[in-house]
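This report looks at two topics in turn: how a pair of helices pack, and how protein meets DNA.

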2 protein chains.
Amino acid sequence: MCAKFSEMERLLTNLKVNINSKIYLKDPQSSDLGKRIVENSILLIDKIGFEQFTFRKLSKEINSTESSIYRYFENKHKLLVYLSSWYWGWLEYRLVFATNSIENPEQKLRKALEIITQPVEQDMHFDHINEVILHKIVVSESSKSFLTKEVDQENKEGFFSIYKRLAYRLTEMIEEIDSSYSHPKSLVSIVLEGTLHQHFLREHFPTITNCNQRHSVTEFITNLVFNNLKEHHGSK
Amino acid sequence: MCAKFSEMERLLTNLKVNINSKIYLKDPQSSDLGKRIVENSILLIDKIGFEQFTFRKLSKEINSTESSIYRYFENKHKLLVYLSSWYWGWLEYRLVFATNSIENPEQKLRKALEIITQPVEQDMHFDHINEVILHKIVVSESSKSFLTKEVDQENKEGFFSIYKRLAYRLTEMIEEIDSSYSHPKSLVSIVLEGTLHQHFLREHFPTITNCNQRHSVTEFITNLVFNNLKEHHGSK
DNA sequence: TGATAATGATAGTAATACTATTATTTTTGT
DNA sequence: ACAAAAATAATAGTATTACTATCATTATCA
């Protein structure tokens, strides 16, 4: 058991979210500077917003230079795609880890929805990434990573494959519970995007959401999903 | 009846979507140049995307100057807020017009969801606005109008009040059908945002949506909503 | 017709979004 | 331990962006 624990530890401390290498010029996970770029870009984007964020400002934060940052990312758009991908990759890993051993399809989906919708907590296995703040960025900025004129080209190049893979996984879970439901893919995509949106509304437009201190996003989304599926047996 | 018709005509041809005057410096609906700015900004944003769009480029399109455009809008962000508001105001007007006389709550909501989710058609009453292209912009760009660091300040100033009013209207319709449903506001906001998102996915990420030639967004959203509400009596 | 408002023409500025070159430091293979 | 290679820093430069300011010209309408 002790051996197993240390094996587990090794597995976990060596974790690395695998991101399409076309998104970056040089893998930021491969060097100290790269990690500082990622770490501090999260903090700075959260602080001043993506529009005001520049490589020049970031370079000052990390006592480096613009040109050094440009060796890792072509531009700030690619950096945002990278951060979003990292988030979804991390979420996918946690989702698979948490649902893998659950046999019951309904419980499995419930757990998956929990992982997706619950407030994010710091994950100690990635010390250069503050997942709590990254989640804030994903809520407020990540839509901008695909709402561009280049989306089709970048989609072809696989920039969004992690997100899509996560969507496929969830779609399968839904189909396993109710294969007769007509719009599993759309339900999944509205859940993924809608979850972020509800978190945003809760913070900035509380009058048009019921999600607040008393009602969690998890509760709303879980309810929404299961109200669309047959053969579910009440609340867990 | 002939008199009534011409009164109706007058009413309709004088239509003007009312937009919070804090969004603009000078009302673009008040002059020829203003209308050309709005008309051509829609076309140009659709053509090159909001990031690449500049007042300089727009000024060349309309054979005017940057400084003239700046007399109407402080910056391109405000112009986007304006265009989004116009869209939601126009939708609200059509929604009220179409649902006003419907007594049956379920039919009323069905009609409202139709208006919101159906592909947009050209409206002849506003000749300086191409509603079909405006809808494309709303799908791809309008999220950027509130995903900013200034959102709370701008919300206080009423920049998003038309959108929120539309959300309240829909929330009331839902509550009228099922007052026991626990998340009417969140359901409405996920429907409004989700509708745009499904249109986007249909165009750019067809593998994670069921909305396509065969399944309309209307069908998916209507289904989603009514599956969450009690006391509905099958399909219309 | 004369004043006023609207638009156009032109110029200027700080910041952005890069690219290029060269110098310095760090890493690494033997 | 040392040379070669790789990574980073320093510096400079460019076209474009996102404005602001000023003044000239052209409609409007009282």
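## Packing of two helices in chain A

In this predicted model, the crossing of H10(A) and H11(A) is right-handed. By class, the residues through which H10(A) and H11(A) touch are six nonpolar, three polar and one charged.

Helix H10 spans residues 184–204 of chain A and helix H11 spans residues 217–226 of chain A, and the two pack at an angle of about 155° with their axes 10 Å apart. Because angles over 145 degrees count as roughly antiparallel, H10(A) is described as roughly antiparallel to H11(A). On the H10(A) side the contact is made by A:Leu187, A:Val191, A:Thr195, A:Gln198, A:His199 and A:Arg202, which meet A:Val217, A:Phe220, A:Ile221 and A:Val225 of H11(A).

## The surface near DNA strand D

DNA strand D is surrounded by 17 residues, of which the closest are A:Ser64, A:Ser68, A:Arg71, A:Tyr72 and B:Asn75. This surface divides into three nonpolar, nine polar and five charged residues. Helix H4 (66–70) of chain A and helix H4 (66–70) of chain B each supply at least two of its residues, and H4(B) gives the most, with three residues.

## Polar contacts with DNA strand D

Of the atoms of DNA strand D within 4 Å of the protein, 57% belong to sugar or phosphate, and the rest belong to bases. On the phosphate side, an N or O atom in the side chain of A:Ser68 is 3.1 Å from a phosphate oxygen of the strand.

Bases are also approached from both chains: a polar side-chain atom of A:Ser67 lies 3.3 Å from a base nitrogen of DNA strand D, and an N or O atom in the side chain of B:Glu66 is 3.3 Å from a base nitrogen of DNA strand D.

Terms used
Residues are numbered from 1 along each chain as its sequence is written. Chains are lettered from A and ligands numbered from 1 in the order in which they are written. This is a predicted model: local features need pLDDT of at least 70, side-chain atom pairs count only at pLDDT 80 or more; totals for chains, interfaces and linings use all residues. Side-chain values use heavy atoms; hydrogens and water are left out. Axes are lines fitted to C-alpha atoms, for helices over the stretch in contact, and angles run from 0 to 180 degrees between N-to-C directions. Helices (H or I, at least four residues) and strands (E, at least two) are DSSP runs, numbered from the N terminus. Angles under 35 degrees count as roughly parallel, over 145 as roughly antiparallel, 65 to 115 as roughly perpendicular and the rest as oblique. A crossing is left-handed if the near helix is turned anticlockwise from the far one by less than a right angle, and right-handed if clockwise. Contact means heavy atoms within 4.5 Å. Ala, Val, Leu, Ile, Met, Phe, Trp, Tyr, Cys and Pro count as nonpolar, Asp, Glu, Lys and Arg as charged, and the others, Gly among them, as polar. A residue is near a molecule or strand if one of its heavy atoms lies within 4 Å of it. A polar contact is a pair of N or O atoms within 3.5 Å; within protein, one must be able to donate a hydrogen and the other to accept it, and residues adjacent in sequence count only if both atoms are side-chain atoms.
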